[in-house]
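I opened the structure to look up how the chain is divided and what surrounds the ligand. My entries follow in the order in which I checked each item.

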Amino acid sequence: MKKIQETMFKDMQDKSIFEQARAYAFEYADQVDTMRVYPTEESIQNLSALQENMPTESCDAEHVLNLLQKYAAPATVAQTAGRYFGFVNGGVIPAAVAAKWMTDMWDQCGGLYLTSPVNAVLESICEQWLKELFGLPEDTVAGFVTGTSMANLCALAAARYRLLKNVGWDVNAQGLNGAPQLKLIAHEHTHASIVKTLAMLGFGKENIHWVPSDEAGRIQVDAVPELDQQSVLILQAGNVNSGAFDPFTELCERAESAGAWVHVDGAFGLWAGASEELKYLTEGIHKATSWAVDGHKTLNTPYDCGIVLCRDHKAMITALQAHGDYLIYSDKRDPLLYTPEMSKRARAIELWATMKFLGRRGIDDMVTGFHALSKYIAQQLKKAGFRILNDVVFNQVLVACDDAEQTQKTLQYIQQSGTCWCGGSNWHGEPVIRISICSWATTADDVDQTVEAFIRARTQFKYDQTHE
Ligand SMILES: Cc1ncc(COP(=O)(O)O)c(C=O)c1O
């Protein structure tokens, strides 16, 4: 221990490894806009240099950084620049990264007030700000988790606890064997993370009442069955393909009068509520019981930033409760009560920093800007002869060529181009190129370059066809 401890004290004292890390990070930041958006196969192959048996001896920290710089950095996906449109990944705001860098040095354990009063206080501030931004009821509480998948899990665990408790069944104590049946209702376009959550919580995918979705990928209101006190209705703010929003008002009102629980998966779409122009999309959402949202998507915080919001405080903290003689709860906010985790990163720091930096107006501008650029790219691609398959209500654009083969090959060439990166999906049985605009760094010029890359890729496909 003594030898390695001395090395680490030296690292902390002379700070040279941190200077080195900073230099490498700045080098990356300076070139990210001109590097390939997706790494070459060769760069990925070169990662094999890191593959070795577990090292026996320690090495210099500088050597560790050098390896990362030499082999890992060239194999990264350049998603902090403006032309990564895959999934709904979002970029990262410089002020948020800077805050993360600075506070990583604090290494706060965010589980209890006692282990990090700073994190607990910032969680409370973020909770209040999020409620205001999304227009949620004052009695809403928030838990800060890794992402929306975990936020969905927490909310649906709370729903399960509450609805079973209402009929005299304590799921924490009695489990699920022999429990009264709950009616889980979701629609065909419900996100995969919800399906995973329902499996993990023991509801069983085959026991879900699946409601059809409409053309746009929204729940079909008239196909929703009668709701009662045993029902959990799962809605979504932002279809992962089309960006469409479920109609909340009528369904939430029906649920409220029936005593049902409504959960809204708003991973990226809940942020529409923070845009004056787009907040009509989330109308009625405040009448739901719980919500899940990410900071690391539309808000552009660093990763590991999901938030569960819930109006039933008691159900949340009972469903996620932990007891232990060594656990010292305070009379203030103890973050672990709102999450399945105990030790956890003080992730509210970056969330707070991002919201403080942007302010309400900055968030509005950014979210509204994603929508404007999405409309612009859809318009430019349409002009260039591509088909746009969705109504671009938010930040998702579904693109197709003349036929399935052309779409798939064009997508492949786009992905290989290095100019931009889009994912693929299926929309009503047809393969599509899926664009998600959700990085602060994307500009109209990035969109123009992307449209050119689309056209080049399609030309390449046509050339291949005539030269086969
Ligand atoms: C609608 C929706 N729900 C849930 C998730 C899962 O979120 P996370 O990846 O943060 O767990 C996503 C991710 O894209 C999503 O788009």
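Entry 1, domains. I noted that the model is predicted. I found the chain divided into domain 1 (2-78), domain 2 (102-354) and domain 3 (367-466).

Entry 2, domain 1 against domain 3. I looked up the distance between the centres of domain 1 and domain 3, taken over C-alpha atoms, and noted 34 Å. Five residues from domain 1 and eight residues from domain 3 make up the contact. I recorded about 400 Å² buried between domain 1 and domain 3, with 55% of it on carbon and sulfur atoms. Which three residues supply the most of the area that domain 1 buries against domain 3? I identified R36, V37 and Y38, which supply 92% of that area.

Entry 3, polar terms at this interface. I searched the interface of domain 1 and domain 3 for salt bridges and obtained zero. I did obtain two residue pairs in polar contact there. On the side of domain 1 that touches domain 3, I counted three nonpolar, no polar and two charged residues.

Entry 4, ligand. I listed 13 residues around the ligand, the closest being T148, S149, D265, D294 and H296. By class, I sorted this shell into three nonpolar, seven polar and three charged residues.

Entry 5, distances to the ligand. For S149, I noted a polar side-chain atom 2.6 Å from an oxygen atom of the ligand. For K297, a side-chain N or O atom is 3.1 Å from a ligand oxygen atom. For H191, a polar side-chain atom lies 3.4 Å from a nitrogen atom of the ligand. Finally, I recorded that the ligand taken alone exposes 390 Å², of which the protein buries 84%.

Key
Residues are numbered from 1 along each chain as its sequence is written. This is a predicted model: local features need pLDDT of at least 70, side-chain atom pairs count only at pLDDT 80 or more; totals for chains, interfaces and linings use all residues. Side-chain values use heavy atoms; hydrogens and water are left out. Domain bounds come from an automatic or database domain assignment. Contact means heavy atoms within 4.5 Å. Buried area is the accessible area (1.4 Å probe) that two parts lose on being put together, summed over both. A salt bridge is a side-chain nitrogen of Lys or Arg within 4 Å of a carboxyl oxygen of Asp or Glu. A polar contact is a pair of N or O atoms within 3.5 Å; within protein, one must be able to donate a hydrogen and the other to accept it, and residues adjacent in sequence count only if both atoms are side-chain atoms. Ala, Val, Leu, Ile, Met, Phe, Trp, Tyr, Cys and Pro count as nonpolar, Asp, Glu, Lys and Arg as charged, and the others, Gly among them, as polar. A residue is near a molecule or strand if one of its heavy atoms lies within 4 Å of it. Accessible areas come from the Shrake-Rupley method with a 1.4 Å probe; for residues, only the protein chains shown count as cover.
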